[in-house]
Amino acid sequence: MRETLEVPETPETAEVPEAAEAAEAPEARDAFARLVLDTMHEESKLGLTLGFVRTFGIPGIAEVLAGTGRMTGDPRTRTKATGAAMFTLIGRGVESPEGRRVVEGLRRIHDRPDITPDQMRYVLACFTVCPLRFIDDHGHRAVTAEERDAAYAFHVSLSDALGLSEGGSEDVGESDSEGGNGVGAGLAGVERWMRAYESRHFAPSPEGGALWAAASKGLLGRRMPRPLAGLAPAVAASLLDAPLRTALHVRRAPAPVRALVTLALRAQARKGRRRTATA
């Protein structure tokens with residue numbers, strides 16, 4: 001049996017990469033889609049990748065992801081499939097024909113007893129919140145209120161489609177349930193729930209370490225500005241916050257590497273500002 005929290009390779013989702021490319025056309029549905037697919041597409045891809053990496057810090061999720069060896073053996077292909085599905089859902093809409101095919105595939109492959117609703121809620125929160133965090137921290141401008149509202153609307157629509165909006169946390173303590181499952185409390189509520197879930201569940205695991213080793217050696221390097229790509233995994237480690245580094249048993253990157261990453265990301269942000277100014 002296939003064990004993955006990513007997009008299943010079923011007939012329903014086999015066309016996802018092609019649909020994702022179409023979703024990156026200039027006309028996006030709303031402010032969130034325009035941000036992710038056009039205005040700050042590269043930053044969004046890196047933020048989405050970091051959101052995926054963040055799930056490695058939850059042992060239960062890491063165990064499922066590492067189950068078949070596909071993430072450790074070919075992380076780029078597996079993450080590309082996940083990203084393609086998310087960009088399709090964002091660009092086309094959850095209720096579009098393409099979106100419904102992706103949702104149906106996700107529902108089917110995650111309908112199993114060892115994947116809890118809260119694990120799925122957490123993965124979805126990472127995929128919504130982390131790209132916006134990265135843009136706020138490293139983009140050429142901060143995310144606007146309109147873009148946040150649109151991101152939250154997307155989060156709610158996908159939660160509803162996956163049957164995750166009903167009720168609060170099922171397998172966690174009250175500290176995780178602040179704001180219920182995050183739906184109904186705005187994007188800030190989703191972030192609060194996400195932090196509470198991490199504070200309870202982040203922990204080192206052999207599977208999380210193996211996933212990080214695979215991702216940091218190749219996957220994140222391909223998502224970074226070209227001058228930094230050869231320095232992974234030290235560069236990749238500089239993009240992790242302290243709780244995630246602890247959960248993945250990753251040492252903080254040396255100060256010179258952190259400084260180099262900061263300079264490169266600032267240069268990329270300046271390039272984005274110039275491109276926006278001349279558009």
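Biologist: What makes His-249 count as exposed rather than buried?

Modeller: In this predicted model, His-249 has a relative accessible area of 66%, and because exposed means over 50%, His-249 falls in that class. His-249 lies in the loop between helix H14, residues 242-248, and helix H15, residues 255-278.

Biologist: What is the phi of His-249?

Modeller: The phi of His-249 is near 60 degrees, which is a positive value in a residue other than glycine. Most residues other than glycine have a negative phi.

Biologist: How do you know whether Thr-55 is buried or exposed?

Modeller: The relative accessibility of Thr-55 is 1%, and because buried means under 20%, Thr-55 counts as buried. Thr-55 sits in the loop between helix H3 (41-54) and helix H4 (59-65), and, leaving aside neighbours within four places in sequence, Thr-55 is in contact with Ile-61, Ala-62, Leu-65, Tyr-122, Val-123 and Cys-126.

Biologist: Which residues does Tyr-122 touch in its turn?

Modeller: Not counting residues up to four places away in sequence, Tyr-122 touches Arg-54, Thr-55, Ile-58, Ile-61, Trp-193, Met-194, Tyr-197, Glu-198 and Phe-202. Tyr-122 and Leu-89 are the residues with the most contacts inside the largest nonpolar core, which has 73 residues, and helix H8 (residues 117-138) gives the most to this core, with 12 residues. In soluble globular proteins, nonpolar side chains tend to be buried together.

Biologist: Why are H8 and H10 called oblique to each other?

Modeller: H8 and helix H10, residues 186-201, pack at an angle of about 120 degrees, with their axes 10 Å apart. Angles of 65 to 115 degrees count as roughly perpendicular and those over 145 as roughly antiparallel, and the angle of about 120 degrees fits neither range, so the two helices are oblique to each other. H8 passes H10 in a left-handed crossing. Among the residues that make the contact are Tyr-122, Ala-125 and Cys-126 of H8, together with Trp-193, Met-194 and Tyr-197 of H10.

Biologist: How do the residues of the contact of H8 with H10 divide into nonpolar, polar and charged?

Modeller: The residues of that contact divide into 11 nonpolar, two polar and six charged.

Biologist: What does the secondary structure of the protein chain come to, and how many of its residues count as buried?

Modeller: The protein chain has 15 helices and zero strands, and 54% of its 279 residues count as buried. Among contacts between residues at least 6 apart in sequence, 76% join residues at least 24 apart.

Terms used. Residues numbered from 1 in each chain as written. Predicted model: local features only at pLDDT ≥ 70, side-chain atom pairs only at ≥ 80, totals over all residues. Heavy atoms only, no water. Core = buried A, V, L, I, M, F, W, Y, C linked by side-chain atoms within 4.5 Å. Buried < 20%, exposed > 50% of the residue type's maximum accessible area, 1.4 Å probe, protein only. Helix = DSSP H or I, 4+ residues; strand = E, 2+ residues; numbered from the N terminus. Contact = heavy atoms within 4.5 Å. Axes fitted to C-alpha atoms, helices over the stretch in contact; angles between N-to-C directions. Parallel < 35°, antiparallel > 145°, perpendicular 65-115°, else oblique. Left-handed = near helix turned anticlockwise from the far one by under 90°. Nonpolar A, V, L, I, M, F, W, Y, C, P; charged D, E, K, R; others polar.
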